[in-house]
Amino acid sequence: QEQFVESGGGLVSPGGSLRLSCAASSGVFNIYAATWYRQAPQGQRELVGEISLDGTTTYAESVKGRFTVSIHNAESTVYLQMTNLRPEDTAIYSCNVLAQNSAGLMNYWGQGTQVTVSA
């Protein structure tokens, strides 16, 4: 069964950078759109950034200018590039992807990856 697996999380100092990956297993032919969410401890899930079918990107105000969402279909992977990280970016980050498999379009969730920003 197709799935998307996240990686790239970890511990980083304030001002540092991380790149999160959300990679498809075999059976996914094309990625059309993707959204990254995050949920901090005792917090609600919030939308971080998304890329739509036409390539338009949208970001939360708190991450604008620091985070970038991209789709790389040659690698069957969605990325979230995060720069100038702040302690308040600490959260579990999850991807949601609209992709095509042999049966048609499907919506997939990654398992989540922890990002901790701390000195």
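This is a short tour of a predicted model, with stops at one residue and one sheet.

**Stop 1: T113**

Select T113, which lies in strand 11, residues 113-117. Is T113 buried or exposed? Its relative accessible area is 11%, and the cut-off for buried is under 20%, so T113 counts as buried.

Now show the surroundings of T113. Leaving aside residues up to four places away in sequence, T113 touches E6, G9, L20, A91, I92 and Y93. Two of these contacts can be looked at in turn.

Add E6 to the selection. E6 and T113 are 107 residues apart along the chain, yet their C-alpha atoms are separated by 6.3 Å.

Then add G9. The side chain of T113 reaches the backbone nitrogen of G9 at 3.4 Å.

**Stop 2: the four-stranded sheet**

Next, select strands 1, 3, 8 and 7. Together these four strands form an open sheet, in the order 1-3-8-7, with antiparallel pairing. Which strands stand at the edges? They are strand 1, residues 4-7, and strand 7, residues 67-72; each has a single partner strand, so one side of each is left without a neighbour in the sheet. Looking across this sheet, neighbouring strands are turned by 15° against each other on average, with direction ignored.

**Stop 3: strands 7 and 8**

Keep strand 7 selected together with strand 8, residues 77-82. How many bridges join strand 7 and strand 8? The two pair in the antiparallel sense over six bridges. To see one bridge pair, select H72 and then T77, its bridge partner in strand 8. In general, strands of a sheet pair through backbone hydrogen bonds.

Technical notes: Residues numbered from 1 in each chain as written. Predicted model: local features only at pLDDT ≥ 70, side-chain atom pairs only at ≥ 80, totals over all residues. Heavy atoms only, no water. Buried < 20%, exposed > 50% of the residue type's maximum accessible area, 1.4 Å probe, protein only. Contact = heavy atoms within 4.5 Å. Polar contact = N/O pair within 3.5 Å; in protein donor to acceptor, adjacent residues only side chain to side chain. Pairing = 2+ DSSP bridges. Axes fitted to C-alpha atoms, helices over the stretch in contact; angles between N-to-C directions.
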